[in-house]
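This briefing goes through one protein chain, topic by topic. Keep the sequence and the model in view while reading.

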Amino acid sequence: MNAIVARPLEANKLAKRLRRQVGQAIADYNMIEDGDRIMVCLSGGKDSYTMLDLLRQLRAKAPVRFELVAVHLDQKQPDYDARILPDYLRSIDMSFDIIEQDTYSVVKRVIAHGKTMCGLCSRLRRGALYAHAERHGFTRIALGHHRDDLVETLFLNMFHHSTLKAMLRSDDGRHVVIRPLAYCAEADIAGYAAMKGFPIMPCNLCGSQETLQRKVIKQMLQDWEHRFPGRVENVFRALTCVAPSQLADPALFDFAALGSHAHAAQPAAAAWLRGQTEPDTGSSH
């Protein structure tokens with residue numbers, strides 16, 4: 001009896017937590033403004049379904065007005081059921097567009113058998129979605145990356161690209177990309193998707209074939225979380241509490257301005273310290 005009562009209570013707490021986290025991320029990073037027309041990229045997986053569902057709930061109570069349109073790319077994978085998403089979206093009275101582009105054939109032709117398809121598939125998918133956003137005047141592109149994705153990307157960039165960056169929101173001058181699930185844990189999203197019974201569509205092209213590097217990072221984080229619960233959350237919190245003066249990027253912090261004699265520093269001296277010039281000792285031997 002207690003277990004039966006506890007389930008709806010836990011479900012309600014989970015839904016409230018996710019709504020609060022999405023709302024907080026949107027507020028913290030100004031993801032949505034009055035009058036925005038938002039393209040909600042819907043893959044058919046648990047993350048994008050959850051993102052769409054929570055954005056719809058927030059829109060119903062928002063003091064600002066914004067439009068949501070679900071957009072899905074039909075990549076012509078084998079065994080793809082073209083009825084699942086339209087049927088679901090019509091059932092919830094959701095505006096949507098389906099883009100049809102045979103990226104599957106391109107990936108199969110270009111990528112050797114047995115090699116990971118994710119990289120090329122992702123680029124082709126992103127290109128098709130961004131082009132659609134530009135043609136139809138969307139002001140925001142919403143992607144379903146969650147907290148765990150951001151932490152994985154942080155370590156991927158550190159280990160393989162020597163950069164300290166994750167992905168939160170971006171603006172390349174033409175496309176403003178937002179990630180409303182940035183504060184949400186993947187486990188919570190999985191629980192919410194199961195609770196809501198979303199019609200999950202498995203990806204037979206690359207969704208089940210993560211890159212080797214990301215698999216390694218994901219396994220590392222899962223091991224950490226198992227041994228030290230809360231570590232992934234702490235890593236993500238570190239992204240929100242950066243001390244530029246304690247890092248080592250002179251473009252991020254003006255180290256030359258530190259100290260009372262900083263104004264007297266000579267460019268030639270800096271060059272000499274890097275071994276680029278010989279010091280002028282003033283001797284006349």
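In this predicted model, the buried residues of α9 pack against two other helices, α6 and α8. The chain as a whole has 10 helices and six strands. Of its 285 residues, 36% are buried. Among contacts with a separation of 6 or more, 76% join residues 24 or more positions apart.

**Helix α9 and its two sides**

- The buried residues of α9 (231–239) are V232, V235 and F236.
- These buried residues fall within an arc of 95° when seen down the axis of α9, so they line one face of the helix.
- An α-helix has 3.6 residues a turn, so residues three or four places apart point the same way.
- N234 and R237 lie on the other side of α9, where they are exposed.

**How α9 meets α6**

- The axes of α6 and α9 cross at roughly 75° and come within 10 Å.
- Angles from 65 to 115 degrees count as roughly perpendicular, and α6 and α9 are therefore roughly perpendicular to each other.
- On the α6 side, the contact is made by R147, D148, L150, V151, L154 and F155.
- On the α9 side, the residues that meet them are V232, E233, V235, F236 and L239.
- The residues of this contact between α6 and α9 comprise eight nonpolar and three charged ones, with no polar ones.
- V232, V235 and F236 belong to this contact and are also the buried residues of α9.

**Helix α8**

- Helix α8 covers residues 212–227, and at 1.5 Å a residue its 16 residues should span 22 Å.
- The end C-alpha atoms of α8 are 23 Å apart, which agrees with that expected span.
- Which residues of α8 are buried? They are R214, I217, K218, M220 and L221.
- The buried residues of α8 cover an arc of only 160° around the axis, which puts them on the same side of the helix.
- The face of α8 turned away from the buried side carries the exposed residues L212, V216, H226 and R227.
- The buried residues of α8 pack against three helices: α6 (147–161), α7 and α9.

**How α2 meets α7**

- Helix α2 spans residues 46–61 and helix α7 spans residues 186–196.
- The two helices pack at an angle of about 75°, with their axes 9 Å apart.
- Helices α2 and α7 are therefore roughly perpendicular to each other.
- From α2, the contact involves K46, D47, T50, D53, L54 and Q57.
- From α7, the contact involves E186, I189, A190, Y192, A193 and K196.
- The residues in the contact of α2 with α7 divide into five nonpolar, two polar and five charged.

**H146, in the loop before α6**

- H146 sits in the loop between β4 (140–142) and α6.
- Is H146 buried or exposed? H146 has a relative accessible area of 1% and is buried, because buried means under 20%.
- Leaving out residues up to four places away in sequence, H146 touches D47, L181, A182, C184, E186 and I189.
- Among the residues touched by H146 are D47, E186 and I189, which also take part in the contact of α2 with α7.

**Q101, in the loop before α4**

- Q101 lies in the loop between β3 (96–100) and α4 (103–110).
- Q101 has 33% relative accessibility and therefore counts as partly exposed.
- Apart from residues up to four places away in sequence, Q101 touches L73, D74, Q75, K76, L124 and A128.
- Q101 and A128 are 27 residues apart in sequence, and their C-alpha atoms are 7.8 Å apart in space.

**Two loop residues with positive phi**

- N30 is not a glycine, yet N30 has a positive phi of about 50°.
- The loop that holds N30 runs between α1 (2–28) and β1 (37–41).
- At 39% relative accessibility, N30 counts as partly exposed.
- D93 is not a glycine either, and its phi is positive at about 60°.
- D93 is located in the loop between α3 (84–91) and β3.
- With a relative accessible area of 71%, D93 is exposed.

Methods: Residues are numbered from 1 along each chain as its sequence is written. This is a predicted model: local features need pLDDT of at least 70, side-chain atom pairs count only at pLDDT 80 or more; totals for chains, interfaces and linings use all residues. Side-chain values use heavy atoms; hydrogens and water are left out. Axes are lines fitted to C-alpha atoms, for helices over the stretch in contact, and angles run from 0 to 180 degrees between N-to-C directions. Helices (H or I, at least four residues) and strands (E, at least two) are DSSP runs, numbered from the N terminus. Angles under 35 degrees count as roughly parallel, over 145 as roughly antiparallel, 65 to 115 as roughly perpendicular and the rest as oblique. Contact means heavy atoms within 4.5 Å. Ala, Val, Leu, Ile, Met, Phe, Trp, Tyr, Cys and Pro count as nonpolar, Asp, Glu, Lys and Arg as charged, and the others, Gly among them, as polar. The expected span of a helix is 1.5 Å times one less than its number of residues. Buried means under 20% relative accessible area, exposed over 50%, partly exposed in between (1.4 Å probe, protein chains only). The arc is that of the directions from the helix axis to the C-beta atoms.
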